[in-house]
Amino acid sequence: MSIQLTREEDPILTVENLQTSFFTDKETIRAVDDISYTIQRGETVGIVGESGSGKSVTARSIMGLVDSPGRVMGGSIRFREPTTVDRLARLFPKRTAEVDELREEHDLVELVERLLNGRHTASELAGEEYAGADAETLVRDGAVDMADLVEDGYAAELGIVNERTFVVRDGSEGYVEVTNAPTEGLRKLRGRGIAMIFQDPLTSLNPVYTIGNQIKEALRLHRGLTGKRATEEAVRLLEAVSIPDARRRIDEYPHQFSGGMRQRAVIAMALACEPELLICDEPTTALDVTIQAQILELLEEIQEERNLSIMFITHDMGVMAEIADRINVMYAGELVESAPARVLFDDPKHPYTQGLLESIPSRNVGGERLRTIEGDVPTPNEKPTYCRFAPRCPEAFDACDAVHPVNVDVSTGDANHTAACLLYPEDMAREDAVAYHQSRGGETAQAAPDEVNDDE
Amino acid sequence: MSRWSYFARRLVLAVPVLLFSMSIAFVILRMGPIDPVSAIVGTQNDPAYRQAVARSIGLIDAQGNPIPLWEQYFAFMRDLLTFDLGRSWVISRGTSVSELIASRAPRTIWLGFWSVLVALLVGIPLGFYAGLNPNTFSDYTASFGGIIWRAMPNFWLGIIISSLLVASAQLTGGAFNWADWIVETSGGGVTAPPLTDLTDPENLAIAIKQILPAALVLGSSSMGNEMRIGRTAVLETVNSNYVETARAKGLPERVIVWKHIFRNALIPLVPVITAEAFLLIGGSVVVEAIFAINGLGKLFFDAAIQGDLPLAGSLLYIFVLITLSINILQDFLYTIIDPRIGYD
């Protein structure tokens with residue numbers, strides 16, 4: 001399927017089939033295993049899941065901060081933000097694809113013909129409805145555009161763009177392909193394009209430098225401010241995150257700040273870079289409830305002011321309800337359910353999400369015991385040919401051990417709601433549903449694992 | 001509390017420590033197995049002479065009555081605190097102790113200075129390099145080297161190095177001769193450095209060249225220590241959250257290493273460096289003996305075994321003073337490097 005490159009409602013971040021693995025002597029851990037989601041401009045997307053479900057690794061993959069022995073193995077992370085695209089295109093002209101220029105230099109019909117004569121079919125390029133169509137039809141109908149060729153990697157295959165291209169510019173639009181970016185490119189993207197706030201505010205600031213020093217460092221790096229102007233701006237930022245007496249506080253060291261104030265300072269530091277997307281990795285976990293509420297409120301205010309997109313990671317469903325517009329539920333490296341926040345809380349579909357919601361104490365007031373999900377998150381160390389949640393699932397049936405569920409549409413209204421569970425789609429009989437998952441590419445396990453036979 | 005009143009307080013607090021350690025030194029010296037009178041008179045057994053000696057060193061008064069120990073203790077303390085170090089009894093009878101120390105100290109200080117410097121300039125950069133490139137071939141080489149340097153005993157390493165250097169011309173077939181390498185030196189280049197007129201570049205070069213083998217041996221274990229602690233400190237800092245935050249900010253790696261990692265990794269190194277600096281000044285007896293450097297270490301050793309109590313006591317007093325000042329210096333460095341260290 002091809003996606004048009006230029007559209008008003010293009011998400012600021014598109015994650016597609018992202019896969020990040022950690023290679024140890026013993027095994028390969030698929031910490032993030034084939035997940036896809038998007039973040040719109042000004043939207044807060046929550047990622048929720050137990051410890052070890054791959055939430056932080058997802059965030060780190062987006063920042064390009066996955067450390068050895070981890071590696072992003074596949075998929076794409078596209079960051080669509082015009083000023084960032086322009087900035088990086090200027091810095092890395094050799095690794096930038098200018099779609100406009102390509103359109104002028106090459107004949108699209110001829111390129112498509114070359115692809116069709118090669119190993120590709122029309123349905124591959126433009127979808128099922130164009131099966132068997134010739135190059136001219138595809139181009140005339142607008143089913144294939146130069147932008148599609150670049151985006152889907154055909155352009156690199158044809159040799160018209162550099163294989164290491166990571167910036168694609170199409171007029172005023174375009175995107176940065178994070179997974180393809182060189183270290184230096186990632187560094188230019190971090191902070192300014194995508195900023196990140198880490199879990200523990202108490203240790204996120206360097207203890208031997210003043211708060212002001214660390215904020216001014218970001219100001220100098222990303223906005224070229226120095227001296228008095230940097231100090232003024234740093235004071236303004238600290239005031240913006242409601243730190244009282246900012247002018248005096250700016251010369252204090254992190255240990256002179258309380259936990260909540262340190263987290264505010266960390267947020268101020270992230271804002272100093274003027275990011276478009278802010279990734280918050282459990283930013284309130286280490287704080288007490290009152291401070292937590294203040295920080296969430298602060299984030300919401302900042303978001304409104306700057307039309308900031310936020311990716312918010314937490315294991316706390318209560319925090320999620322407070323802040324998220326849309327929630328993605330992760331389990332063992334996979335995305336198992338995705339829905340607008342309200343829909344997810346009112347009508348969770350995946351048994352795992354249901355379990356998570358049931359284990360919130362305040363939602364079960366008066367119950368004898370708090371319901372929990374028995375067991376632990378398994379380590380995802382092999383390609384899934386079954387449902388990873390099955391061993392803990394109260395609704396598991398035989399097929400769960402043999403078929404890997406894919407994300408299917410379970411929306412009831414116009415809300416975009418998906419879940420990866422063999423129980424869905426609900427309107428199908430169970431066998432049909434299982435067959436549906438299988439046909440959609442869900443991996444299937446054979447009767448006995450040692451008799452793997454691809455022909456079946 | 002301001003920095004200066006903090007140091008005034010530290011100095012005042014050092015006084016009881018000084019008094020206490022000198023009292024212990026007095027007890028140890030007087031309770032030792034050596035009778036100072038016998039040490040001075042040697043084999044002569046003339047009772048009148050013994051009496052005269054005992055009177056002259058203040059053990060008995062003019063009437064031949066023994067002077068009480070507490071009076072001797074007070075005299076001892078008073079003399080030290082007023083820097084009236086007295087005269088040597090045995091080693092160089094009649095010479096003033098200050099003169100003796102002044103003649104020996106420059107070589108020991110020169111040796112100590114260079115061994116601290118060698119340890120600092122080789123050990124710490126190597127350790128930081130290994131910590132920044134963990135589990136690579138160069139890390140293993142550096143770490144293994146650190147263990148080896150740490151493990152080689154001074155007396156062995158000193159002998160090996162000095163014999164290798166003396167025989168360097170024969171061993172390399174004349175390709176390398178330590179004695180005339182860079183500047184011509186006497187005595188095969190492994191003897192006490194002449195410390196006269198160091199403002200002359202050639203004299204300075206000779207002095208440095210001659211001290212380096214001894215400094216390397218004396219500093220070898222500190223070098224290994226500092227390398228290993230430096231490596232651990234860097235590894236710990238590299239994995240800390242603030243380094244990750246700095247990285248997420250988009251800072252270049254150069255700034256992250258030199259600004260954020262370096263200063264934090266120095267904090268655990270400060271006490272190691274200062275503790276070793278003292279060891280190097282006081283514990284150089286073996287190295288001084290091997291490299292024929294007539295320094296304070298050798299002097300103290302001789303004074304202690306020959307019962308030259310004023311000399312041994314004075315040297316102890318000076319060592320205690322050095323230790324106390326290094327300790328205060330260490331605290332001073334701490335307050336500069338780590339703002340979390342308060343002044344109260």
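## Chain A overall

Buried residues account for 45% of the 456 residues of chain A. The model is a predicted one. Its chain A carries 18 helices and 14 strands. The radius of gyration of chain A is 24 Å, close to the 23 Å that the globule rule gives for 456 residues, so chain A is as compact as a globular protein of that length.

Along the principal axes, the C-alpha atoms of chain A fill a box of roughly 70 × 70 × 50 Å. Contacts in chain A between residues at least 6 apart in sequence were also sorted by separation: 66% of them join residues at least 24 apart.

## Strand β3 of chain A

Strand β3 of chain A covers residues 44-48. 5 of its 5 residues are buried, so the strand is largely enclosed by the rest of the structure. Which residues point which way from β3(A)? A:T44, A:G46 and A:V48 point one way. A:V45 and A:I47 point the other way. Residues on both sides are buried.

β3(A) pairs with strand β10 of chain A, residues 309-314. The pairing is parallel and runs over 5 bridges. Here A:T44 stands opposite A:I310. β3(A) also pairs with strand β11 of chain A, residues 326-331. That pairing is parallel too, over 4 bridges. In this case A:G46 stands opposite A:I327 in β11(A).

## Domains of chain A

The domain assignment splits out two parts of chain A: domain 1 at 205-328 and domain 2 at 330-451. Their centres, taken over C-alpha atoms, are separated by 36 Å.

How many residues of each domain take part in the contact between them? Domain 1 of chain A gives 8 residues, in contact with 12 residues of domain 2 of chain A. On the domain 1 side, the elements that give two or more residues are α15 (317-323) and β11 of chain A. That side divides into 4 nonpolar, 2 polar and 2 charged residues. Strand β11(A) thus appears in two places: it pairs with β3(A), and it gives residues to the side of domain 1 that touches domain 2.

## Where chain A meets chain B

24 residues of chain A are in contact with 18 residues of chain B. On the chain A side, three elements give two or more residues: α9 (183-189), β8 (194-197) and α10 (211-223). The largest share, 3 residues, comes from α10(A).

What is the chemical make-up of the side of chain A that touches chain B? Its residues divide into 13 nonpolar, 6 polar and 5 charged.

## Chain B

The secondary structure of chain B comes to 15 helices and 0 strands. Of its 344 residues, 35% are buried. The C-alpha atoms of chain B fill a box of roughly 85 × 65 × 35 Å along the principal axes. Among contacts in chain B between residues at least 6 apart in sequence, 70% join residues at least 24 apart.

An unreviewed UniProt entry places the feature "transmembrane region" at residues 6-29, 109-132, 147-167, 269-294 and 314-337 of chain B. How do two of these spans look in the model? Residues 147-167 of chain B are 86% helix and 0% strand, with end C-alpha atoms 27 Å apart. Residues 314-337 of chain B are 100% helix and 0% strand. The end C-alpha atoms of residues 314-337 lie 34 Å apart.

Terms used. Residues numbered from 1 in each chain as written. Chains lettered and ligands numbered in written order. Predicted model: local features only at pLDDT ≥ 70, side-chain atom pairs only at ≥ 80, totals over all residues. Contact = placed C-beta atoms within 7 Å. Nonpolar A, V, L, I, M, F, W, Y, C, P; charged D, E, K, R; others polar. Buried ≥ 20, exposed ≤ 12 C-beta atoms within 10 Å, placed from the backbone. Pairing = 2+ DSSP bridges. UniProt positions renumbered as here; feature names shortened; annotations may be inferred. Domains from an automatic or database assignment. Rg over C-alpha atoms; globule rule 2.2 N^0.38 Å.
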